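Here are some short exercises to work through with the model open beside you. Try each task before you read its solution.

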Amino acid sequence: MNERSLLSASLNARHNEYRYLLLDPLKELAAWNLLNAEQLQDSLGSDALRRVLRPDLAWSAEHCPLLVLLASPGEMPDEALVQYSEKYARGEVLYEKRGVCGWLTSTLAPDAMAEWLAALCGNIKPGTTIPLFESLRLDLLQATADPVSLAGLLAAVSQWHWVSSAGVLQTLNGQYSEANWRLNWSTEQAQNDIRLLWRLLSSWRDASEVLPVDAARQAIDAWTMTGKVGLHHLSDRLYLALNVLTLPADITEHAAVQVLMQQASEDASLYFEQLMQTLPHTVWQEFNHTQSGKKEFEHGYQSTGQ
């Protein structure tokens with residue numbers, strides 16, 4: 001079975017549950033797009049649509065996530081719509097704002113499901129709204145949260161499928177547990193740094209074309225490492241993190257690079273990126289054997305917009 005058919009198979013296997021598609025209208029869709037709210041209302045009827053009134057946008061319902069009922073228990077989802085939504089999700093993998101948040105299966109009926117999703121936004125960190133349904137946030141959550149605690153947080157959902165930043169269909173499984181949800185430091189930091197991590201992943205994709213399945217985890221690790229080096233400038237941290245992700249050698253272990261990192265950390269007027277340009281060609285050859293590696297790295301960094 002190829003990967004493209006896994007989503008349909010998974011949704012069909014849960015025929016005794018409700019199957020949903022979750023969309024984010026903050027990503028505007030053309031009027032002709034089959035995932036446009038008006039198109040969905042025409043094809044499925046208004047009874048199939050619910051607004052997820054996320055706490056920070058409840059006053060503007062049209063901007064809140066749209067929960068689409070694909071199938072009730074005993075019914076089969078529209079195969080064409082499932083395939084179209086998956087194809088669209090794969091095409092927007094590293095856009096900053098994505099329209100397809102994922103596909104969910106649950107015993108909760110539509111109204112209860114919409115209410116549960118809205119509450120979930122406020123359950124990650126008390127007093128703070130975190131739109132967890134966004135695909136990259138799910139990537140970061142899966143990479144950092146304790147699996148047992150996370151399964152309990154998502155207990156109302158049997159399965160939550162989404163297309164990750166690496167373009168791979170991922171699944172989280174909810175499971176009722178006596179363990180309470182606990183927000184650890186790594187998860188909180190990753191959610192706080194989501195825009196920076198998106199920029200890093202986007203630049204990595206530009207440089208490498210294909211990302212590894214655990215791209216989110218690697219990006220978090222690289223970004224966290226740069227925070228311990230003591231670099232003063234955000235652009236330098238992005239530069240170093242992307243370097244670590246794209247070059248086969250760990251440049252932070254090289255004596256010449258360590259000297260430059262030390263200089264940049266001790267003098268805020270210095271930029272690590274500029275210092276790196278002073279390295280001789282022979283050192284770059286040590287990093288990647290060919291100059292092409294350096295060129296790919298530099299191209300990737302430019303896409304961060306710094």
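A polar contact is a pair of N or O atoms within 3.5 Å; inside protein, one atom must be able to donate a hydrogen and the other to accept it. Keep in mind that this is a predicted model.

**Exercise 1.** Find which backbone nitrogen lies 3.0 Å from a polar atom of the Asp24 side chain.

*Solution.* Start in the loop between S1 and H2, where Asp24 is found. From a polar atom of the Asp24 side chain, the backbone nitrogen of Leu26 is 3.0 Å away.

**Exercise 2.** Work out why buried Asp24 has no salt bridge.

*Solution.* First look for the nearest side chain of opposite charge: that is Lys97, 4.1 Å away. Next, recall that a salt bridge needs a side-chain nitrogen of Lys or Arg within 4 Å of a carboxyl oxygen of Asp or Glu, so the pair does not count. Finally, list the surroundings: beyond neighbours within four places in sequence, the contacts of Asp24 include His63, Arg98, Cys101 and Phe133.

**Exercise 3.** Trace the sheet and say which strands stand at its edges.

*Solution.* Follow the order S2-S3-S1-S4-S5-S6, an open sheet with antiparallel pairing. S2 (49-51) and S6 (169-173) each have a single partner strand, so one side of each lacks a neighbour in the sheet. On average, neighbouring strands are turned by 25° against each other, direction ignored.

Now zoom in on S1 (residues 18-23) and S4 (residues 100-106), which pair over 6 bridges. Here Tyr18 stands opposite Ser106. To finish, add a helix: H5 (residues 135-144) packs on the sheet, touching S4, S5 and S6.

Methods. Residues are numbered from 1 along each chain as its sequence is written. This is a predicted model: local features need pLDDT of at least 70, side-chain atom pairs count only at pLDDT 80 or more; totals for chains, interfaces and linings use all residues. Side-chain values use heavy atoms; hydrogens and water are left out. Two strands pair if DSSP finds at least two bridges between them. Helices (H or I, at least four residues) and strands (E, at least two) are DSSP runs, numbered from the N terminus. Axes are lines fitted to C-alpha atoms, for helices over the stretch in contact, and angles run from 0 to 180 degrees between N-to-C directions. Contact means heavy atoms within 4.5 Å. Buried means under 20% relative accessible area, exposed over 50%, partly exposed in between (1.4 Å probe, protein chains only). Lys and Arg count as positive and Asp and Glu as negative; His and the chain ends are not counted.
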